[in-house]
Amino acid sequence: MLPSQPLLHAAVFALAVLQALASDTFIAAVYEHAVILPDATVEPVSPDDALVLMNKNMDILEGAIKEAAQQGAHIIVTPEDGIYGWRFTRETIYPYLEDIPDPSVNWIPCTDPARFAPAPVQERLSCMARNNSIYVVANIGDKKPCNSSDPGCPNDGRYQYNTDVVFDSKGKLVARYHKYNLFMSENQFNYPKEPEAITFETPFGKFGIFTCFDILFREPAVVLVSELQVDTVLFPTAWMNVLPFLTAVEFHSAWAMGMGVNFLAANTHYTSMSMTGSGIYAPDGARRYYYNMKTEDGHLLIAELDSHPRLSPASPPAVNWSSYALSVKRFSPNVRDFGGLVFHDWFTFTELIQPEGNLTVCQKDLCCHLSYKIAWKREDEVYVLGAFDGLHVVEGQYYLQICTMLKCKSTDLNTCGQPAETAQTKFEMFSLSGTFGTNYVFPEVLYSGVQLAPREFEILNDGRLISKTRPTKPIVTVTLFGRWYEKD
């Protein structure tokens with residue numbers, strides 16, 4: 001049966017309205033927050049005292065949200081632990097938690113605060129979003145009662161979750177995500193029984209969300225991008241920088257490039273724990289980023305992004321990460337290979353002795369190839385090519401394949417792999433590739449002073465990471481960071 005003309009016209013009109021509302025670009029904001037922390041205590045504070053602390057942090061976040069909205073931002077991401085900090089046991093965090101309902105309840109806490117259990121934090125976040133007509137992403141704690149009929153129920157009769165919430169521009173709760181991959185010190189929280197893959201639609205693309213340590217694991221990170229095809233990932237984090245590969249800005253930028261999505265990373269700012277590094281990243285490089293270990297100030301970043309980056313002409317082509325490396329012969333055997341630790345992982349290294357050349361270094365199934373020419377080098381700076389192929393087992397267990405050219409901390413080869421932030425040596429060119437067994441490879445180039453190199457290097461579709469500027473700025477590391485999820 002064919003629809004009547006009036007119904008057909010109405011349907012066409014509705015489709016036209018939806019297309020008109022959809023946008024090819026949007027303005028994104030992230031806020032790196034210097035969190036006001038609670039006093040360390042072995043006894044829980046009262047709910048009123050907990051709310052006093054959270055309101056102090058939300059006062060600051062509200063100022064950033066208002067400023068972002070005034071500058072045209074459609075969405076803002078705030079950090080993990082950004083409302084109450086850390087320093088908690090399971091018992092002492094309880095007064096800071098709220099019962100967060102499933103978003104399917106269709107709830108605007110700002111206009112209906114009494115519908116569920118008292119939720120002053122959700123109410124205030126909802127009003128921030130509604131009053132400023134902006135999507136607000138925040139990290140808070142969720143509590144859920146349980147009883148003895150549930151074999152997994154903790155002894156205190158409740159589940160406690162590290163939780164992200166998203167409120168739309170009307171203040172409605174549209175997303176709730178329970179962190180699945182807890183960091184080793186998060187004993188105050190429970191693991192969800194199953195990983196969650198949380199997405200939501202907006203007029204400016206499809207969004208997914210997860211938290212901090214989740215980024216290193218297939219669930220939920222790869223599921224959201226590869227299977228659910230989100231356009232943009234939201235990432236509240238409390239990231240402690242670990243040079244040379246896991247500095248926040250370099251790894252998050254590389255992850256956006258390797259996965260082909262927008263990535264909005266909001267970090268907490270606490271330099272005594274090396275927490276800094278936030279950014280707005282696109283598949284072709286960072287739009288804006290912030291890294292500051294010198295002061296204790298918060299910082300707002302705002303930038304424009306493509307709503308559907310996979311459809312953008314600037315979207316990088318698909319990459320076969322092992323194509324080139326498998327096609328070339330090992331350049332020459334290295335009689336001077338040696339071992340060294342990088343963040344507890346035992347790498348095989350070989351030194352760049354000549355001012356230019358071709359090198360190969362192998363470990364297990366991974367061979368890393370480097371072609372290079374040095375433009376200018378200080379005599380007291382040493383560079384090596386390194387390979388790691390194995391299971392990382394320190395703060396979590398995950399399988400890595402890494403090819404890297406990095407500056408050693410000193411001329412002592414025993415320092416190769418130790419953190420180094422500055423360099424003077426410039427390269428006329430470099431080309432790095434590896435025989436990766438995984439398609440999930442993240443390209444990093446880090447300049448002296450923890451500076452990124454957006455659009456100053458290129459990834460060829462045969463898997464080579466090559467320089468574009470001649471000469472480069474002083475280089476600390478050039479890395480292809482591979483995650484072989486299937487071998488975890």
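The domain bounds used here come from an automatic or database domain assignment, and the structure to which they are applied is a predicted model. With those bounds, the lining of the second largest pocket draws at least three residues from each of domain 1 (19-311) and domain 2 (322-487).

The largest pocket can be placed in a similar way: domain 1 (19-311) and domain 2 (322-487) both give residues to its lining, so the largest pocket lies between them. The space in this pocket comes to about 710 Å³, and among the 34 residues that line it, Met257, Gly258, Pro316, Pro317 and Val319 are the closest to its centre.

Turning to secondary structure, at least two residues of the lining of the largest pocket come from each of α4 (218-227), α5 (248-259), β11 (285-290), β20 (441-447) and β22 (457-459). Which element gives the most to this lining? That element is α5, with six residues.

For the second largest pocket, the space is about 500 Å³, and its lining is made up of 25 residues, with Phe183, Ser185, Cys212, Ala238 and Met240 lying nearest the centre.

The make-up of each lining by residue class is set out below.

| Pocket | Nonpolar | Polar | Charged |
|---|---|---|---|
| Largest pocket | 19 nonpolar residues | eight polar residues | seven charged residues |
| Second largest pocket | 16 nonpolar residues | three polar residues | six charged residues |

In the largest pocket, then, 19 nonpolar residues stand beside eight polar and seven charged ones, while the lining of the second largest pocket combines 16 nonpolar residues with three polar and six charged ones.

Note on methods. Residues numbered from 1 in each chain as written. Predicted model: local features only at pLDDT ≥ 70, side-chain atom pairs only at ≥ 80, totals over all residues. Heavy atoms only, no water. 1 Å grid on protein atoms, 1.4 Å probe; cavity = no way out; pocket = protein on both sides within 12 Å on 5 of 7 lines; lining within 4 Å. Points joined across faces, edges and corners; volume = space filled by probe spheres on them. Helix = DSSP H or I, 4+ residues; strand = E, 2+ residues; numbered from the N terminus. Nonpolar A, V, L, I, M, F, W, Y, C, P; charged D, E, K, R; others polar.
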